[in-house]
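Let's work through a few exercises on a protein model together. Keep the structure open beside you and try each task before you read its solution.

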Amino acid sequence: MKIEQLEVQHFSQVILLGNLVHGENYLDNDKLKKIYKMGLKDGLNASFVALNEQAQVIGFRLTYSAGQWPIDKWCTPEKWPVNQPDMAYFKCIAIHPDAQGNGIGPKLLNASVQVLKQQGAKAGIAHLWKQSPGNGAVKYFTKAGGVLVKLHDDRWLENCLNEGYECPICGNECHCQAAEMVLRIS
């Protein structure tokens with residue numbers, strides 16, 4: 001297994017894996033282009049992929065650089081340990097079901113954290129899917145040092161209604177809960 005920075009040649013495989021793990025219409029080419037750009041800062045890319053021996057994407061971590069992402073109603077900046085311009089955003093992670101449990105997630109997170117430090121970020125925030133199988137998303141982020149800020153009900157419902165997102169648990173009307181968590185990186 002090899003960890004590399006996300007590049008355009010990975011997009012089609014990242015989209016397929018993201019939709020497999022997170023649900024249909026979670027990612028598309030336009031969304032991924034925007035995400036990719038928000039992770040570029042000072043010539044450094046904060047998003048990464050994990051590739052198997054056949055150069056197939058078996059995991060990815062999409063990350064926004066500090067100061068380059070929109071703070072929305074699902075964010076609680078008054079509870080963050082650093083100022084908004086110093087806060088990065090861990091958009092999402094996906095590991096192919098056949099590759100889960102092999103430590104790929106922490107390696108991808110570490111790669112993003114190292115770049116975020118170089119870019120000047122002091123912390124990163126994520127909205128973790130509480131209903132992930134076995135609550136694995138929250139467990140993984142907590143093990144990495146993430147701290148709960150706030151729980152948000154119906155975090156992805158608007159994505160269902162406005163973008164055609166289909167939650168793998170709820171279908172086209174997602175009522176899953178998001179755990180807003182912060183990870184200090186400096």
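**Exercise 1. Place Gln177 and find its partners.**

Solution. Start with the chain: Gln177 sits in the loop between H5 and strand S9 (178-184). Helices (H or I, at least four residues) and strands (E, at least two) are DSSP runs, numbered from the N terminus. The model is a predicted one, in which local features need pLDDT of at least 70, side-chain atom pairs count only at pLDDT 80 or more, and totals for chains, interfaces and linings use all residues. Residues are numbered from 1 along each chain as its sequence is written, and side-chain values use heavy atoms, with hydrogens and water left out.

Next, look at the side chain. The side chains of Gln177 and Asp153 make a polar contact of 2.9 Å. A polar contact is a pair of N or O atoms within 3.5 Å; within protein, one must be able to donate a hydrogen and the other to accept it, and residues adjacent in sequence count only if both atoms are side-chain atoms.

Finally, list the neighbours. Not counting residues up to four places away in sequence, Gln177 touches several residues, including Trp129, Leu151, His152 and Trp156. Contact here means heavy atoms within 4.5 Å.

**Exercise 2. Is His127 buried or exposed, and what does its side chain reach?**

Solution. First, find His127 in strand S7. Then check its accessibility: His127 counts as buried because its relative accessibility is 8% (buried means under 20% relative accessible area, exposed over 50%, partly exposed in between, with a 1.4 Å probe and protein chains only).

Now follow the side chain of His127. One polar contact, at 2.5 Å, goes to the backbone oxygen of Trp74. Another, of 2.7 Å, joins the side chains of His127 and Tyr89. Leaving out residues up to four places away in sequence, the residues that His127 touches include Cys75, Arg155 and Glu180.

**Exercise 3. Which residues does Val149 contact beyond its neighbours within four places in sequence?**

Solution. Begin in strand S8 (residues 147-152), where Val149 lies. Val149 is buried, with a relative accessible area of 15%. Leaving aside neighbours within four places in sequence, Val149 is in contact with Thr76, Lys79, Trp80, Glu180, Met181 and Val182. Take Lys79 from that list: Val149 and Lys79 are 70 residues apart in sequence, and their C-alpha atoms are 6.6 Å apart in space.

**Exercise 4. Describe the two largest pockets.**

Solution. Rolling a probe the size of a water molecule over the atoms shows where empty space is left. On a 1 Å grid over the protein atoms alone, a pocket is an open set of points where a 1.4 Å probe fits, with protein on both sides within 12 Å along at least five of seven lines; lining residues have an atom within 4 Å of a point.

Step one: the largest pocket holds about 930 Å³ of space. Of its 38 lining residues, Ile93, Ser132, Gly136, Ala137 and Tyr140 are the closest to its centre. S6 gives the most to this lining, with 7 residues.

Step two: the second largest pocket has a volume of about 600 Å³. It is lined by 24 residues, and Tyr64, Lys91, Arg155, Asn159 and Glu163 lie nearest its centre. H2 supplies the largest share of the lining of the second largest pocket, 5 residues. For both pockets, grid points are joined across faces, edges and corners, and a volume is the space filled by probe spheres set on the points.
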